[in-house]
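I opened a fresh page for this one and wrote down what I looked up as I went. Have the structure on screen and follow along with me.

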Amino acid sequence: MNYKYITGDNLEITSSGWSEGTVLQDIYPDSSFVSGVENPQSMKMVPIIRDQKIYAKYTFEKRFEGGPGLVHGGILSTVLDEMMGYATVTHNLWCVTANLEVNYRSPCPVQEEFELSAWVTRIEDKKIYTESTIFSGENIHVESSGLFINLGQDRAQTFFIADKNYP
């Protein structure tokens with residue numbers, strides 16, 4: 001793909017337990033607005049691991065409309081933030097977003113299917129750098145980069161259920 005605002009560099013997923021086709025939807029089933037299967041307001045997006053990235057296909061419903069016929073920019077940035085968060089999880093890091101930069105290249109009409117992809121580009125101590133896209137065919141509609149901060153395993157335990165079977 002022809003990236004304009006991001007590098008496209010991709011750090012390979014080498015952590016055990018994460019493989020091609022792994023479905024990530026159940027990691028945050030109650031809380032996730034984007035993918036939570038038990039959240040009644042959730043978008044019910046189904047992110048999976050594909051080609052060393054987090055990948056999903058999604059059709060944005062009319063309820064996510066901003067301007068007439070177009071997906072609201074805040075919804076687009078929300079789904080990319082979530083996808084990049086999943087990318088950090090596949091490196092067995094428990095992170096929070098510190099910075100999110102979104103570049104809207106072309107509008108995303110509601111009720112059309114899009115593909116989303118997110119990945120980690122590099123890890124420097126507690127800083128995790130990520131990138132993501134929303135595209136259809138070879139047309140990139142939105143590009144994003146994010147900086148995530150690793151909470152560390154000890155701190156992450158206060159946010160995650162100890163005995164839950166996370167991959």
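**Entry 1: charges.** I began with the charged side chains, keeping in mind that this is a predicted model. I found 13 positive and 22 negative side chains in the protein. The centres of the two sets lie 3 Å apart.

**Entry 2: overall build.** Next I listed the elements, and the protein has 2 helices and 6 strands. Reading along the sequence, I noted the order β-β-α-β-β-β-β-α. I then checked the overall size: the C-alpha atoms fill a box of roughly 45 × 35 × 30 Å along the principal axes. For 167 residues, a compact globule would have a radius of gyration near 15 Å, and the protein agrees because its own value is 15 Å.

**Entry 3: inside and outside.** I looked up how much of the chain is covered, and buried residues make up 47% of the 167. The exposed surface comes to about 8400 Å². Carbon and sulfur atoms supply 47% of that surface. I also looked at contacts between residues at least 6 apart in sequence, and 66% of them join residues at least 24 apart.

**Entry 4: strand β6.** Which strands pair with β6? I found two to write down. Strand β3, residues 95-104, runs antiparallel to β6 and is joined to it by 9 bridges. Strand β5, residues 127-136, is also antiparallel to β6, with 10 bridges between them. For a close look at each pairing I picked one bridge. On the β3 side, Y104 has V142 of β6 as its bridge partner. On the β5 side, F135 is partnered by I140 of β6. I asked myself whether β6 is mostly covered or mostly open. The strand spans residues 139-150, and 9 of its 12 residues are buried, so I wrote "mostly covered".

**Entry 5: the turn between β5 and β6.** These two strands form a hairpin with 2 residues between them. In this hairpin, G137 takes a positive phi near 60°.

**Entry 6: positive phi outside glycine.** I then turned to residues other than glycine with a positive phi, and noted K44 and N92. K44 has a phi near 60°, and its place is in the segment before β1, which covers residues 48-50. Is K44 buried or partly exposed? With a relative accessibility of 36%, K44 counts as partly exposed, because that value falls between the 20% and 50% cut-offs. For N92, phi is near 60° too. This residue sits in the loop between α1, residues 73-89, and β3. N92 is partly exposed, because its relative accessible area is 34%.

**Entry 7: D30.** My last stop was D30, which lies in the segment before β1. Its relative accessibility is 52%, so D30 counts as exposed, the cut-off being over 50%. What does D30 touch, leaving aside its neighbours within four places in sequence? I found contacts with E38 and N39. I also checked a separation across the model: D30 and A98 are 68 residues apart along the chain, and their C-alpha atoms are separated by 23 Å.

How values were computed: Residues are numbered from 1 along each chain as its sequence is written. This is a predicted model: local features need pLDDT of at least 70, side-chain atom pairs count only at pLDDT 80 or more; totals for chains, interfaces and linings use all residues. Side-chain values use heavy atoms; hydrogens and water are left out. Helices (H or I, at least four residues) and strands (E, at least two) are DSSP runs, numbered from the N terminus. The radius of gyration is taken over C-alpha atoms; the globule rule is 2.2 Å times the number of residues to the power 0.38. Buried means under 20% relative accessible area, exposed over 50%, partly exposed in between (1.4 Å probe, protein chains only). Contact means heavy atoms within 4.5 Å. Accessible areas come from the Shrake-Rupley method with a 1.4 Å probe; for residues, only the protein chains shown count as cover. Lys and Arg count as positive and Asp and Glu as negative; His and the chain ends are not counted. The place of a charge is taken as NZ of Lys, CZ of Arg, CG of Asp or CD of Glu. Two strands pair if DSSP finds at least two bridges between them.
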